[in-house]
Number of protein chains: 4
Amino acid sequence: VKVVTGGTVIDGTGAAPITDAVVVVDGDRVRSVTRAAEGVLPQDAEVVDATGRYVIPGLIDANVHLCVLPPDLLLEYEGRYAEPIEEAAQVTLRAGVTTVFDTWGPLEPLRTVRDRIRRGQAVGSRIFLAGNIIGLGGPLSSDFWPPGDLLGQDTLDRINRQWEQGVGQDLLWLTPEDVRRRVRTYVERSGIDFVKYAASGHKSSEMRLITFSERTQRAIVEEAHRAGLTVQAHTTSVESLRMEIEAGADILQHGDFTGLAPMPDETLTHIVDRALPVAAIVCTARFQASVERHGSELMRTLLHSKIKDDNDRRLIERGARLLLTTDGWLFGPRLRAHPSIAANWKGLEDHPSRLGESHFLWLQAVVEHGMAPMDALLSATRNVAEAYGQAAELGTIEPGKRADLVILDADPLADTRNYRSIAGVMKDGVLVDRGALPVRPDMTAETTT
Amino acid sequence: VKVVTGGTVIDGTGAAPITDAVVVVDGDRVRSVTRAAEGVLPQDAEVVDATGRYVIPGLIDANVHLCVLPPDLLLEYEGRYAEPIEEAAQVTLRAGVTTVFDTWGPLEPLRTVRDRIRRGQAVGSRIFLAGNIIGLGGPLSSDFWPPGDLLGQDTLDRINRQWEQGVGQDLLWLTPEDVRRRVRTYVERSGIDFVKYAASGHKSSEMRLITFSERTQRAIVEEAHRAGLTVQAHTTSVESLRMEIEAGADILQHGDFTGLAPMPDETLTHIVDRALPVAAIVCTARFQASVERHGSELMRTLLHSKIKDDNDRRLIERGARLLLTTDGWLFGPRLRAHPSIAANWKGLEDHPSRLGESHFLWLQAVVEHGMAPMDALLSATRNVAEAYGQAAELGTIEPGKRADLVILDADPLADTRNYRSIAGVMKDGVLVDRGALPVRPDMTAETTT
Amino acid sequence: VKVVTGGTVIDGTGAAPITDAVVVVDGDRVRSVTRAAEGVLPQDAEVVDATGRYVIPGLIDANVHLCVLPPDLLLEYEGRYAEPIEEAAQVTLRAGVTTVFDTWGPLEPLRTVRDRIRRGQAVGSRIFLAGNIIGLGGPLSSDFWPPGDLLGQDTLDRINRQWEQGVGQDLLWLTPEDVRRRVRTYVERSGIDFVKYAASGHKSSEMRLITFSERTQRAIVEEAHRAGLTVQAHTTSVESLRMEIEAGADILQHGDFTGLAPMPDETLTHIVDRALPVAAIVCTARFQASVERHGSELMRTLLHSKIKDDNDRRLIERGARLLLTTDGWLFGPRLRAHPSIAANWKGLEDHPSRLGESHFLWLQAVVEHGMAPMDALLSATRNVAEAYGQAAELGTIEPGKRADLVILDADPLADTRNYRSIAGVMKDGVLVDRGALPVRPDMTAETTT
Amino acid sequence: VKVVTGGTVIDGTGAAPITDAVVVVDGDRVRSVTRAAEGVLPQDAEVVDATGRYVIPGLIDANVHLCVLPPDLLLEYEGRYAEPIEEAAQVTLRAGVTTVFDTWGPLEPLRTVRDRIRRGQAVGSRIFLAGNIIGLGGPLSSDFWPPGDLLGQDTLDRINRQWEQGVGQDLLWLTPEDVRRRVRTYVERSGIDFVKYAASGHKSSEMRLITFSERTQRAIVEEAHRAGLTVQAHTTSVESLRMEIEAGADILQHGDFTGLAPMPDETLTHIVDRALPVAAIVCTARFQASVERHGSELMRTLLHSKIKDDNDRRLIERGARLLLTTDGWLFGPRLRAHPSIAANWKGLEDHPSRLGESHFLWLQAVVEHGMAPMDALLSATRNVAEAYGQAAELGTIEPGKRADLVILDADPLADTRNYRSIAGVMKDGVLVDRGALPVRPDMTAETTT
C-alpha cells in the first residue's frame, strides 16, 4: 500500500481539483481518493509526498508508432525489433505517458514487448496494439518506403510480412466477402488489441484516393466488433472520412485531416452530435509558422495546410471529443539524419511526432486552438480510455482503476507547459525510476561522432 | 444516289446475310437494302460493283485516344494538336472504322476535328468525344507522365488544363455535391458527346485504389443523364467495377480488367442479366504468349494477366454484350521509339492498342475466345451504336441509317482475318479515297533516318 | 562627336582618377581623355554632363550564359532562342556591362544576336561566344538536364545538336588525334570567338573526374591557338586545373574551384608568377553565410564550400589576376520557380549567377576578400579585355578604344555599392536608353498571376 | 607422395603433351613429370589413375569478385562476408580453378578467407587479393549501387569503409603527392597481394571519364612497385588504357574494353610488342548474339558492343598475351532475381561473369575468336601466373611448383568444351572432394519456393 499525499488531484473525471488530497494505492489499483481532512491514512503505507504538487492520471497517447525504421535499419535490426520498441515505450513512460496505442507496427515484436511489460518483465508504457493497418503494406512497400531496385523481392517480402500479417495491400483487389474472411482470421489469430484499417491511401500522392468500398468498410467494422475490438480508420479526405463514419468506426484516426478541402459542416456536425472521438494531430502555432517559412511545397499545401489547422480549430470550437494523438516515433540522431527523413523536417520546429516530447506540444496546441485546459487534460486521459473501451481500467484516478499517476510540480490547468514539470510517474502502483529510462539508449542515444 | 450491287450484305442486325444484294444510298443515308431479284435499281445511280464481295456496316471503336503524345511531343505540337488527331481519324477510317469514341483527350482540338469532319471540311472517322476522364489529370499529371522536376509548374498547368477542363484530379478532394456542380458545368459547357469518369486510379500503382465514393459516383451519373449523355467509368478492380454498375453507368469501360482478382460471378451475372455493354480489350493468344515470354513483371502479373484473359473468356461464354474496344492510339515510329513507351512493348506481338490495326486483332481475339463470328460483327457495329445511344443513326445497314459501309473481298464470318480484305469504305454515302489517307502523314510517317 | 564633361574619369589603366575630365568621343571611338583645364572642347559636340559623377570603362563579364533554359522552355522556345539571348544581352547592358563572353550556348542563335548587335540591328551588350564547351553535351544530355525517359532520343538529339556542333561528349572516347581533327573543324567553321573545353566533368557527381588526357588537352589548345583563338578550360579539381595550365590554356575558367581539396601552393604560385587570368566566381560573405544556414549538403560541402572561398582569398592575397565572372544567366520568375532550379537556391541570398545583378555582387565580394578597389575595377574591365586578347579595342578609356563608358553617380573606389549608381551607359559611342531595356521583357517579366 | 599415372599431361609450358605420363607429387609440390616408360614410380605412393585422361595445370582466373552483394544482402550478411567469400572460392575450386585473383572486395573478410585457405583451415581456390580499386568507392557509393535516400549516411559509411580502406573516391580530389602517401600507407598496411587502381570511371555513365592524371597514375604505380606488388588498372576508354600503359602498369584489366571507339592500332602494337598481359573478358558468339537480340541499349552499344568484340579478335589475331578473366561473381538464385541485376541479364545467354561456369565459356570464346587451343590453355594457366609474378609457384606442372592439377576425361585441346569434363582437381597436392563443395551452399543454393 502506498499513499500519495498533500497534492492537488485532478482526477480526470472533469471534477474540480481536490486540494490536499490523499490517494491510496493498493497493489496496482487506486483504493481511494480523499481529502486529507477526511482522514483515513492506512498504516504502514509507503508515503509519496506530493505537497504543493499536482497529481493527474497517467497520460494516454491514442496513436504512436513504437517501431518506425528506415530501410537500412529495418535490415540492421532484423530479428530484434523488440529492442527499439522497448526503448520507445520507455521514452514515453519517462515523459508521463503511461499508456500508448500503437497503430501500425510489426506484430510479433510488439506483442512481445506488450506482454513483457504487462508481466512486469520490462518497464515501459502500457501498450495496446493494432498490428498492421488493414489494406496497407509493410514498411518496404509502396505505402511507406518504396525500395526501387535496391532491395530484392525476397527481402521485401520477408520484412513486409512481419507487418502485413495477411491483411496487406492485396486486400484492395478483393470482394467485400473475401476481405471479411481475411480480417476475421486476422482478428481471431493475431492477438491484437484493436483494429485499424485504411479508408484512404497513405502516400501523399495517394491520399486523395479511397482504398475500400463502403461495403468492404462495413465488413471490416463488423468483423472487428464481432471480435469485441474497437475499430478506427486512417482517413485523409472528406469522403473517406464520411465513409469511415458511415461504416461505423469507433475512432476517427487523424480525422482532422481532409487534404485540399475543409471538413464539410455536415461531417463536423455528425462528429459533434455523436461525440465521435477524433484522434487529431493538433500542432502548435510555432510549428505552423515554421512550415509556412521552411516547409516543402507538400508540407505547406497538403500535409500541414491551413485547412487542417482550421479543421482543428472548428472541431475544438464545436466541442468535438479530441484524443491526444502524436503519431509519434523515436526521432533520435540516426533517424533525424536519415536522408529519407531529414529533408522533410529541415527547419521545422515543434515536430508533432516525436515520442516523449510531442504530447506536451499537443496539449499546448489544443489550448492554443481554443480548448479549455480541463478539456485538454480529459483529451489526454479519460477520453482516450473511453474511446478505446478501456474506461473501466484507465484514464482517471478513481477507486478500482489502475494506479497510473503523474505528479507535476506545477498546475497543468494554469499553463500547459506545466505538463513538463514531472516530479514522478506511477504506473500500476509502482513509481517509475525515470532517470534510468531508457534502460539501453540506442535510437535515442546521442552519438559522439 | 448510289447503289452497291452484287455483294453479300451482312447488315449488322444479326439477320442472315443477304446474297446478291442491292444497297441504295441516297445522300448520306441508306434508302433500301434488297435482293437484286427484287428489282428496283434506281435510274442514273452511281453503281458500286460489289459482286463476290461482302458488305458490312462501318466498324465502330468504343474506345480510342486520338491524341496520345509523350511530354516532348506535347510541347512540340502545342497549339496544333488537331494535326495528329486528324491524322489518327484518317488512319482509322482507312482501316474501315467509320466511327470512333474518343475517351480521353484535349477538348478543344478534338472538338475542332470532330466538327471539321462532321461538316465535311476534313476526311476521317466520325468522332464522338468525352474530353477528360472526370477525376483524372492531364497528360503531364501523376496519372500519366509524372514529369519529375524537368518541367515547370506553369508548363504542366498550361498543358494539363487543355485536358482537365475543371474536372481533374482535384475533384477527388471534394464532397459529392461539389463534384456534382463541377460536372454539371462541364457537361453543359464543354460540347462533349458522352461522359467518362474514373472509378479507380489510372497509374498501375493506383489501379487497386478507388477514386470516388459511391455517393459521388451516383452524382456524376445523374448529371450525365440529366444532360442526356451516356456515361461510362474507367474501372480496374472488382470493387470499382461493382460500384460503377451500382452507380448506374451505361458502359463498362475495360470492364474485363479486375486486376489481381477474377471478376466475381455475382458481377458477371449482373452484367449478363442486364445486358450491360462491356468495352473489353480482348487480346489475341499470340499477344498473351508474347507477354508471357517477354513482358515485364507488371505486364505479366497485372496489366495483361491470365486473370483478365479468363474474364474475357467467361464474359464471352456467358454471352455478355461486348464492344469493340482498342484503347488505340497512333503508334508510329517516334512513339514506338520513345523511352517512356518502348520498354513496355519490347518483344510483344499483336499490340492491342494500335490504331488502324488493333480492331482487326480484337475481332480475331474475341472469336479465339469463343464468340460466334456473327456476334463478333455485332460487337463491332450495332452493339456499340446501341450502347452509346446512336442506334437510330449508326451500326447497321438499314433504311434511314447513315450510309457507313465496309466492302470486303472475303467473308468476315468465315475467317476474322477477312476484315482486313478491305476493298472499299463508304462513310455518309461517300466512298473514301483510302490510298490518300492519312492526308499528311506525320506521326505515322516512317522516317528514313 | 560627343563630349563627356565634368566627371572624374577612372580610365581602367590603373592610373589615378582624372577629375573634371573631358572625354571626347568620335563615332564609336574615344578620341581623347583630358582634363577640362587642358582645354580642347570640340565645336558642335553633343555634351554629356557628368559633373560630380564618375566615368569608368564599360564593364566586361568574362563568363555568362545568355541562353540557359530548362527542358520545357527549350521546347517552348525552340526555333527562337535568339529572343531570350537578346533579352539577356539587354539586361546586362542596362546594368553597365557593355561586353560579355558567353561560354556555353546554342551556336547559331548566339551568332545571330552577336551579329545583330554588332551591326546595330539590336541593342545589347557586345557578345563574344564560345559555342559549346568542347567535350560536354547539350542541355538535355547527362551533363546538364538528364531527361530520364520523358523525352525521346530524337528530341534530345535535335536540341543537343544545336549546342554540341560536333564537339560533344563523344569526343571523350577518341584519341588525341581524332579529337584534334574534330576541334579543328569546329574552330574553322563555327564562327566562334574563343574556345572553351572541359578539363573535368560538369555534373556535381562528375566534378572529381577528368575528361581529356593531357595529350588531348594539348591538342585542343594547339588547335585553338592555331586558329588565333584564346582558350580556356572548365576545371573543378586540383589536377584538372594543373592539367589545364600545363596544356597552355589562356584563361582559367572558375579556376578558383578545386572541390574537396584546396588549391595547392605550387599551383597558386604558378598562377601568380605567370599572371594567368583566373575567372573566379567570388561570392559575398552574405551569400556564404546563407549557404551555411540554408544550402543543401551539396552546396555547402562541394559547390560553395569554405575551401573555394579560401582559394579566392588566397588568390587575391597573392595578387592573382582575377576576372569579373558571374556565370550568369537570366534568373527571371519562370526559371526561379522551376523545380529543377528552385530547390537549389531556396533561402540563399546574393545569388552569384544572376545576370544584371551579380557583377555588382562580384565587385563587392572581391573587395570583401581583400582586393584593392582599383584592382577590382581593373578585374572587371582591362584585365578581361587583355585576357581575351581584346585589349586593343576594349577595357579602358583611352584614345582609339571603343567608347564604352559607364557614368556613376558615386565613386566606385570609395564603395563598391556605387557601381549600382548608374547614371548612364555608353556603348560604341552611343548613349543607351536604359529605361527601354529589355525591349521585350519575357524571361524577366514579372508575371501577375 | 602421390603419383598421377597413365594420363596425357599438358604441362602449361606450351610443350607438346606427354602421353602415358607419371606426375609425382610430394607434399604440396610436383616432384617430377615423366613418361611412364622412363620408369621411376616411387614406392608406397598413393596412385591416382588418370589412364585415358588429360592432366592440365589448375586454372587461374585473373579477375574475380568473390564478394558481390546487392544492398539488402550487404546488410543481411554484415559481419559475416567471409561466408559468401568462402562459398565462392569453393564454387571456383570445384570447377577446376585452383587460383583466383580477387580484384575488388572487402579487405578483412577476404584476407580471412585467403589465410584460412592458405593454412588449410578451409577448402577453396587459392586467393590473391587487391582489396579496393584505388580511387573507387565501396559498394554503396555512386560507383556501384548509389543508394538514393533509402540508406542513411552512417550505414553507407560503415559498409563502404570495409571496401575503401582509405583509398576511395576522395583520392580523386588530391594532388599526386597526396595520393602517393595514401597509397603507400595502403600497400604497407593492408596485407594485399597486388594493386588495382581505377584509370577511368566505373559506372556506365562515367566510363568515358578519366579518374587520375598521368602524374598521379605514375605515383600509384611507383608505390605499388616499391612495395614489390604488381599493379593493374581498370580502364574503359582508349585514352585511359594508353595512360595506364604509359604509367607502367603490369596488367591491363579488361584492356579490351575501349567503349565507343576501337582500340587504336598504336596501342594494340604497343601491347603486342611489350607482351603486356591483357585480362580480356572475351565472350562467346552465343552471348554476343543474345545481346544483339535481347540486350538493353546500354548492353548493345557500350558494354558488349561489336567494338569490344572486334578488339578481342584483333588482340588474338596479333598474338597479344591474354589472361583468363571472368570478372565473375556468385550468380545464384537470390542475385539472379535481384531487381538491380535481373533486368540487365534478362534474355542473355552464356553470362560471362558467373563464377564456376564462365571460365569454361571464356576458353571456348577465345578459341572462337581465333586463338590456338594450346594458347588458350596457356592463357588460363602459365600466363596468368607470370603476369602476376607467381610463375615460380604456379601455372605449370613442373618440378618444384605447387601441385595444382585438373584431370579431364577428354582432351581440352581437341575441343574447349572438354574443360568441363573434370574427373578430378588437385590443389597443393591434395585431391579435392568436389562433390562436397560448396560446403555450406547458401548464395548458390537453389531455393524451393
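The following questions and answers concern a predicted model, with attention to helices of chain D and to the contact between chains A and D.

Me: How is α6(D) oriented relative to α7(D): parallel, antiparallel, perpendicular or oblique?
Reply: The axes of α6(D), residues 214-226, and α7(D), residues 238-247, come within 9 Å and cross at roughly 45°. Angles under 35 degrees would count as roughly parallel and those from 65 to 115 as roughly perpendicular. The crossing angle of these two helices therefore makes α6(D) relative to α7(D) oblique.

Me: Which residues of α7(D) make the contact with α6(D)?
Reply: The crossing of α6(D) past α7(D) is right-handed, and by class the contact has 3 nonpolar, 1 polar and 4 charged residues. From α6(D) come Glu214(D), Gln217(D), Arg218(D) and Val221(D), while α7(D) contributes Arg242(D), Met243(D), Glu244(D) and Ala247(D).

Me: Is α14(D) largely enclosed or largely open, and how many of its residues are buried?
Reply: Among the buried residues of α14(D) are Phe360(D), Leu361(D) and Trp362(D), and what covers the buried residues includes β6, β7, α11 and α15 of chain D. Helix α14(D) spans residues 358-368 and is largely enclosed by the rest of the structure, because the buried residues number 8 of the 11.

Me: Which three residues of chain A supply more of the area it buries against chain D than any other three?
Reply: The contact between the two chains involves 20 residues of chain A and 20 residues of chain D, and the area buried between them is about 1600 Å², with carbon and sulfur atoms giving 57%. Of the area that chain A buries against chain D, 35% is supplied by Asp72(A), Asp149(A) and Leu150(A).

Key. Residues numbered from 1 in each chain as written. Chains lettered and ligands numbered in written order. Predicted model: local features only at pLDDT ≥ 70, side-chain atom pairs only at ≥ 80, totals over all residues. Heavy atoms only, no water. Axes fitted to C-alpha atoms, helices over the stretch in contact; angles between N-to-C directions. Helix = DSSP H or I, 4+ residues; strand = E, 2+ residues; numbered from the N terminus. Parallel < 35°, antiparallel > 145°, perpendicular 65-115°, else oblique. Left-handed = near helix turned anticlockwise from the far one by under 90°. Contact = heavy atoms within 4.5 Å. Nonpolar A, V, L, I, M, F, W, Y, C, P; charged D, E, K, R; others polar. Buried < 20%, exposed > 50% of the residue type's maximum accessible area, 1.4 Å probe, protein only. Buried area = accessible area lost by both parts, 1.4 Å probe.
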